[in-house]
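Student: I should like to understand how the terms used for a protein model are justified. May we go through them one at a time?

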Protein chains: 2
Amino acid sequence: MSAVTETLDTSISPTELAHNLESLPLAERAEAWLALSQKERSEALPYLHDEIKIALLDNTSADELVQLAENMEASDVADVIDLVSDNVAQEIIDSLSDADKASVEASLDYDEDTVGRWLKRDVIALSANRSVAQVLRYIRTHHLPTYTDQVFIVGHDKKYRGAVALASILQAEEGEQLKELPLIDSTTVLSPEMSLADMTMVFRRKHFISAPVLDEHGTLLGRITADDAISFMQDEADHQFMSMAGLDEEDDLFAPVVSSSKRRAVWLGINLLTAFLASFVIGQFEAVLQEVVALAVLMPVVASMGGIAGSQTLTIVIRGLALDKINDSNIRPLLVKELGVAVLNGILWAVTVGLVAFWWFSNATLGLVIGCAILINLLAAAFSGLLIPVALEKLKLDPALSGSVVLTTLTDVIGFLSFLGMGAWLLV
Amino acid sequence: MSAVTETLDTSISPTELAHNLESLPLAERAEAWLALSQKERSEALPYLHDEIKIALLDNTSADELVQLAENMEASDVADVIDLVSDNVAQEIIDSLSDADKASVEASLDYDEDTVGRWLKRDVIALSANRSVAQVLRYIRTHHLPTYTDQVFIVGHDKKYRGAVALASILQAEEGEQLKELPLIDSTTVLSPEMSLADMTMVFRRKHFISAPVLDEHGTLLGRITADDAISFMQDEADHQFMSMAGLDEEDDLFAPVVSSSKRRAVWLGINLLTAFLASFVIGQFEAVLQEVVALAVLMPVVASMGGIAGSQTLTIVIRGLALDKINDSNIRPLLVKELGVAVLNGILWAVTVGLVAFWWFSNATLGLVIGCAILINLLAAAFSGLLIPVALEKLKLDPALSGSVVLTTLTDVIGFLSFLGMGAWLLV
């Protein structure tokens, strides 16, 4: 228990508090959650991953949720509302002031993976006629939201007219009007329907501190700030990394054994089907395996080399797609390059494995057969490693999630077919 | 070519320019690079990945490098100097003004994966006695660096005394002195020796816009800003993702075929050794394989289920280690949970595969043997999936890079040993 007390030191930031909670096993986490003040809970909650958030919300009474919501931003309240039962959601909404209710409902109008759900409404938006002195007075008497690097200019109709850097304002004469200052030379405004993935791409490329969000009529709705971009980027990278092992929904290191087992069982089941497909292919060659047992001994080598080479191409392509570096105009040169790599490595390892097989089983034909099978499998692996994720992306499927299963199935089947097929032809 | 002209539109940011260059095949990239103005080249260069940067620098004359360096920040010049030959490096250093030379050499004092190399020196650092009016005048007459959210307070000795938020300054009365304003309540200062991985962890947890960097005497050296944190986070996530396929140095989608083949050959060679080890294990059972050919047909199923289950645990643990969520106090509960998942899934799939094998080969003992082998392999996979990356991390080796090879070796060997061993014992 001393570790818990230490890691939940209250001088830490809400993000750290969330991080520490997520690092605790279930029982200790529940205890630590109860030991937090209401303020700490409402601050840490938005930074917890969904799976963990849901578990903690399930153990929180409706009354308390209403109190937690009071201290949270509209987008975070919307997120909580999405995760609790309809009754509790209604109770929370009913408890909000009219202004807060409008903000929360505006957030709920957008999907949880779009900008509209997460935008911040605390913007400084002023008319172009304001003088620098007026702007500075406005800031002095109001509130300067964190991550404010620009002041937005809006018309009477709340339509967005542009933005002036805070730096320009601080360097201007007091009498100058906003409209006399240089507008920020940036045409990038976000739309509320934009996906979080596209939004993080904008921040990665443009080095923004904040970016305005406009609706389709050009009305300023709010802004997205770099700290949000950092969180979503991390989530995206986590998601992609975990997806490669079929773990796209495994947020919680300490998820309950039963729910974790169920999720992973799906992945193991899909993999089992592909493994049985490979076994079925091998089963077609029972006669030759019985006669030339060396084929059984060596067959994992062929499948494994194909799988590894294919996963290298697959990984590069998935990353390239995620970073938007692969498009229709460069797929061809990329395929040529990957096939070139496959030819060179195919020849190198075909010869190496061929010689080892020849030396091990004193059978030159066996060496030839396994060499050819490896070359064929490495070429097929390069083709599939590139084309499978590109095709999945076009089909709007997640290449990180399904790419590796499809690829392994192909390299297994092609590996066993070519090796055992040639073996049956040349070795019996 | 029209795609090139379009994507290299000059109104785009330097990061986008770098991104577009990286998306081009080698020949077109070289052409596009030559078509850029000197200014664009010096702006885009810092955002290119090392592999691509080196190739472009190799084709650039020393004279031009000297000119490019004139427009670059000290840390970026240091990076170029690290990547070019000693002669060219000396030419660049000699061409710098004394002040620039001092900054570049200060950057070069630190490793390229530490904060000291990349810190920005453009800080606002003032004495605590300055009034708000003086600070505002200072900002008006000097330069307000981007990502300035705080003004640093330093003593006569340049020692760091704390920081005041720009927001506090803008909301204070003109006559107030900096020392009367609230200091930012943050004890997190960075050290120049801190690794970039640790630095990004700080930004992820603390939502900083900028953070001061102090040397061991408490002297303010500069700051790190959120845009740098975003870049390094992306690089780190890429690195980890690519490492899982042994591609930790493959920055360039369009790397030359020969150099790419060489790098990947190393990984394929390591994998071949583990595949041969598996073959060697199978080779010990030639007699039983000849007698019961069903064992040869089914053996990929055992190895594959172990490999997939193990890679799920491995992925979770590697991610947990990278996010600093796994520590000595929670390894035990995590192991208990992963073993629990392995027991449940082990039983489920042992029974399923056992029944299929029984039905397929009409052999109940075979069903029993494969069922037991799968259960054993899934338990071993959970153990190794957790303990291998933890051990590699303690040995200061990259778990993402070597974890999967070690794991697959283990699940292959244990899978084949248990399946064929029990087969030899019970089926002959």
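**Reasoning from values to terms**

Tutor: Let us begin with B:Asp324, which counts as partly exposed at 39% relative accessibility. Please keep in mind that this is a predicted model.

Student: Why is B:Asp324 called partly exposed?

Tutor: Buried means under 20% and exposed over 50%, with partly exposed in between. The value for B:Asp324 is 39%, and therefore the residue counts as partly exposed.

Student: What makes B:Arg205 and B:Asp324 a salt bridge?

Tutor: The rule asks for a side-chain nitrogen of Lys or Arg within 4 Å of a carboxyl oxygen of Asp or Glu. In B:Arg205 and B:Asp324 the closest N and O atoms are 3.3 Å apart, so the pair forms a salt bridge. B:Arg205 belongs to helix H13 of chain B, and B:Asp324 to the loop between helix H17 and helix H18, so the pair ties together parts that are 119 residues apart in sequence.

Student: Why is B:Arg205 called buried?

Tutor: The relative accessibility of B:Arg205 is 17%. Buried means under 20%, so the term applies.

Student: How do you know that the salt bridge of B:Asp238 and A:Arg319 crosses between chains?

Tutor: B:Asp238 lies in helix H14 of chain B, and A:Arg319 in helix H17 of chain A. Their side chains meet at 2.4 Å, N to O. B:Asp238 is buried at 10%, and A:Arg319 is buried at 8%. Across the interface of chain A and chain B, the rule finds 10 salt bridges.

Student: Which helix gives the most to the side of chain A that touches chain B?

Tutor: Helix H17 of chain A does, with 18 residues. By class, that side of chain A has 61 nonpolar, 29 polar and 19 charged residues.

Student: What makes the two copies related as by a two-fold rotation axis?

Tutor: A turn of 180° and a shift of 0.0 Å along the axis lay chain A on chain B with an RMSD of 0.1 Å. The two copies are thus related as by a two-fold rotation axis. Of the residues of chain A, A:Gln290 comes closest to that axis, with its C-alpha at 2.4 Å.

Student: How do you know that the copies meet through the same surface?

Tutor: Of the interface residues of chain A, 100% are also interface residues in chain B, so the copies meet through the same surface. The contact takes 109 residues from chain A and 109 residues from chain B.

Notes: Residues are numbered from 1 along each chain as its sequence is written. Chains are lettered from A and ligands numbered from 1 in the order in which they are written. This is a predicted model: local features need pLDDT of at least 70, side-chain atom pairs count only at pLDDT 80 or more; totals for chains, interfaces and linings use all residues. Side-chain values use heavy atoms; hydrogens and water are left out. Contact means heavy atoms within 4.5 Å. Helices (H or I, at least four residues) and strands (E, at least two) are DSSP runs, numbered from the N terminus. Ala, Val, Leu, Ile, Met, Phe, Trp, Tyr, Cys and Pro count as nonpolar, Asp, Glu, Lys and Arg as charged, and the others, Gly among them, as polar. Copies are superposed by least squares on the C-alpha atoms of residues with pLDDT of at least 70 in both. Buried means under 20% relative accessible area, exposed over 50%, partly exposed in between (1.4 Å probe, protein chains only).
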